[in-house]
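Colleague: I should be grateful for some guidance on reading a model of this kind. Shall we take one feature at a time?

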Amino acid sequence: MEDQKNRLLAGVVIPDADVVRLAWEFAEARCEPYLFNHVVRSWLFATSIASIQNVEHDREVLAIGALLHDVTLNMSFRGPRRFEVEAADIAREFAIDAGLEPRRVQLVWDCVALNSTPSIGLYKEAEVSLCTAGICLDVVGLGYERVRAVEMKAITTAFPRLDLKKRMTKCFCHMAEAAPLTTYDNFLRDFGLRYVDGYSPPSSVDFVMNTPFES
């Protein structure tokens, strides 16, 4: 069961649980400082949104999903699958090792795998929806107005952005260059098309038209 003890982080009430501390350490060891700050802000924003909207959820699952959602977002990434799926498998193993029951493990996997697909993630279980919302708020400003200015200031001061836009763009472009097959059906495609010379993704139209059926 979820530890009910709490503590404050950048003015946000979070669970004071061993599994959350382990997830924090796991993410911090694998993420560059700008990226670590991003995953922490995403978690705090998600937690704030849950409080504002009075959404019941598994706070430990949300913490693990948000903190581990970008553990494969780095300049060494080579696939073979899209980075969200690679990260989701890592997060699943972490959750299993931490002793989470199968349903909670699956929720962690979904939080991570769907973190950059809001057209699906926002309509999943509360933990997945909140995780997606917090991440999208930090990356593209989705729902920015929902968080009070004083809370926004506290979170971004405690965990500054450290040139996130430029650093993430560089990483996304690396992925489009080094592992293009992992980028054709997600948002990385847009970065490849705009910034990467020679990037030429296939068309879904061709996939449909070139199937080995007569009609």
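Modeller: Let us begin with a single side chain, bearing in mind that this is a predicted model. The side chain of Asn186 comes to 3.1 Å from the backbone oxygen of Thr182.

Colleague: Where in the fold is Asn186 placed?

Modeller: Asn186 sits in the loop that connects helix 9 (164-178) with helix 10 (188-195).

Colleague: Is Asn186 buried or exposed, and why?

Modeller: The general idea is to compare relative accessibility with a cut-off: under 20% counts as buried. Asn186 has a relative accessibility of 10%, and therefore it counts as buried.

Colleague: Which residues does Asn186 touch beyond its neighbours up to four places away in sequence?

Modeller: With those neighbours set aside, Asn186 touches Arg82 and Glu84.

Colleague: I would next like to understand the nonpolar core. How many residues does the largest one have?

Modeller: One reads a core by its membership and then by the residues with the most contacts inside it. Here the largest nonpolar core has 63 residues, and Val40 and Trp43 are those with the most contacts within it. Helix 2 (residues 33-53) gives the largest share of this core, namely 11 residues.

Colleague: What does Trp43 contact, leaving aside neighbours within four places in sequence?

Modeller: The contacts of Trp43 include Leu9, Ile14, Pro15, Val20 and Trp24. Leu62, Ala63, Ala66 and Leu67 are also in contact with Trp43.

Colleague: How should one read the empty space?

Modeller: Rolling a probe the size of a water molecule over the atoms reveals where empty space is left. In this model, the largest pocket holds about 460 Å³ of space. It is lined by 22 residues, of which Val139, Val140, Met168, Phe172 and Phe187 are the closest to its centre. Helix 7 (126-140) and helix 9 each contribute at least two residues to that lining.

Colleague: What is the chemical character of the lining of the largest pocket, by nonpolar, polar and charged residues?

Modeller: The lining of the largest pocket comprises 12 nonpolar, six polar and four charged residues.

Colleague: And what is the volume of the second largest pocket?

Modeller: The second largest pocket has a volume of about 180 Å³. Its lining includes Gly11, Val12, Val13, His57, Arg59, Arg148 and Glu151. By class, this lining has four nonpolar, five polar and three charged residues.

Colleague: Which element supplies the largest share of the lining of the second largest pocket?

Modeller: Helix 2 does so, with five residues. Thus helix 2 gives the largest share of the largest nonpolar core and also of the lining of the second largest pocket.

Technical notes. Residues are numbered from 1 along each chain as its sequence is written. This is a predicted model: local features need pLDDT of at least 70, side-chain atom pairs count only at pLDDT 80 or more; totals for chains, interfaces and linings use all residues. Side-chain values use heavy atoms; hydrogens and water are left out. A nonpolar core is a set of buried Ala, Val, Leu, Ile, Met, Phe, Trp, Tyr and Cys residues joined through side-chain atoms within 4.5 Å. Buried means under 20% relative accessible area, exposed over 50%, partly exposed in between (1.4 Å probe, protein chains only). Helices (H or I, at least four residues) and strands (E, at least two) are DSSP runs, numbered from the N terminus. Contact means heavy atoms within 4.5 Å. A polar contact is a pair of N or O atoms within 3.5 Å; within protein, one must be able to donate a hydrogen and the other to accept it, and residues adjacent in sequence count only if both atoms are side-chain atoms. On a 1 Å grid over the protein atoms alone, a cavity is a set of points where a 1.4 Å probe fits but cannot get out, and a pocket is an open set with protein on both sides within 12 Å along at least five of seven lines; lining residues have an atom within 4 Å of a point. Grid points are joined across faces, edges and corners, and a volume is the space filled by probe spheres set on the points. Ala, Val, Leu, Ile, Met, Phe, Trp, Tyr, Cys and Pro count as nonpolar, Asp, Glu, Lys and Arg as charged, and the others, Gly among them, as polar.
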